[in-house]
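I opened the model today to look at its main pocket and at a couple of residues. Here is my notebook page, for anyone who likes to follow along.

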Amino acid sequence: MQIEAIVPLDKRRSKVLTDEDFAFVLYRGEVKRYGIEEGKELTAADYDRILREVLFKRARERSLYLLKARDRTEQEIRQKLKDGYYPEEAIEHTMAFLKEYRFVDDEKYGRNYIRIYGGRKSRKQLEFELRNRGLDREEIGLLLEEGDIDEAEQILRYLRKKGYEKDVTPPKECARLAAALGRKGFSFDEIRRVMEE
């Protein structure tokens, strides 16, 4: 592949663009060390060497750094690495490493997420948030079945917190409370049932 351009990304790093599209990001010293110059040919052997010696290690360390702060799903790690300009080969290599050592486990992540937030969020809200983090609908459904989510209790807690009393609270305020609970993902049938009880 032909090196088309070396574009400075910041004071220390540069994007290396080839005729086949974007290739990778290297520090300035690495660009010199590997003899990367505009117009020069980048052989498959040189590309593999850069992957093995620099990018695989850097992508792995970046993902471990991200996981230090909190658990993340496979999709979140992949996206962070893409945003960091890592090539697909480095991302795949890193994901294989993370899965092998169980640093990334979407099922475990989903189970923990439901355990932590299941007492405060509706099933719909949990499903929405887990889907946005990359878990599939079927897996989320199974995890929600396992989880102990009492939506009626959550609705009741919210109503108590807002000072709701069945025969005292004005209808307009009841409608406002029901709408707020609906926006949180609770079904209106369940909201009405709890309010009436």
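My entries on the pocket and two residues follow.

**Ground rules.** I am working with a predicted model, where local features need pLDDT of at least 70 and side-chain atom pairs count only at pLDDT 80 or more, while totals for chains, interfaces and linings use all residues. Residues are numbered from 1 along each chain as its sequence is written, and side-chain values use heavy atoms, with hydrogens and water left out.

**K121.** I found K121 in the loop between α5 (106-117) and α6 (123-132); helices here are DSSP runs of H or I with at least four residues, strands are E runs of at least two, and both are numbered from the N terminus. K121 counts as buried because its relative accessible area is 16%, under the 20% limit (exposed is over 50%, partly exposed in between; 1.4 Å probe, protein chains only). Leaving aside neighbours within four places in sequence, I listed its contacts (heavy atoms within 4.5 Å): Y113, L126, E129, I149, Q154 and F186.

**R49.** This residue sits in helix α2. R49 is partly exposed, at 33% relative accessible area. Beyond its neighbours within four places in sequence, R49 touches Y34 and V54. I also checked R49 against Q154: they are 105 residues apart along the chain, and their C-alpha atoms are separated by 56 Å.

**Secondary structure at the pocket.** Which elements each supply at least two residues of the lining of the largest pocket? I noted β3 (21-27) and α2 (44-69). For the record, a pocket is an open set of points on a 1 Å grid over the protein atoms alone, where a 1.4 Å probe fits, with protein on both sides within 12 Å along at least five of seven lines; lining residues have an atom within 4 Å of a point.
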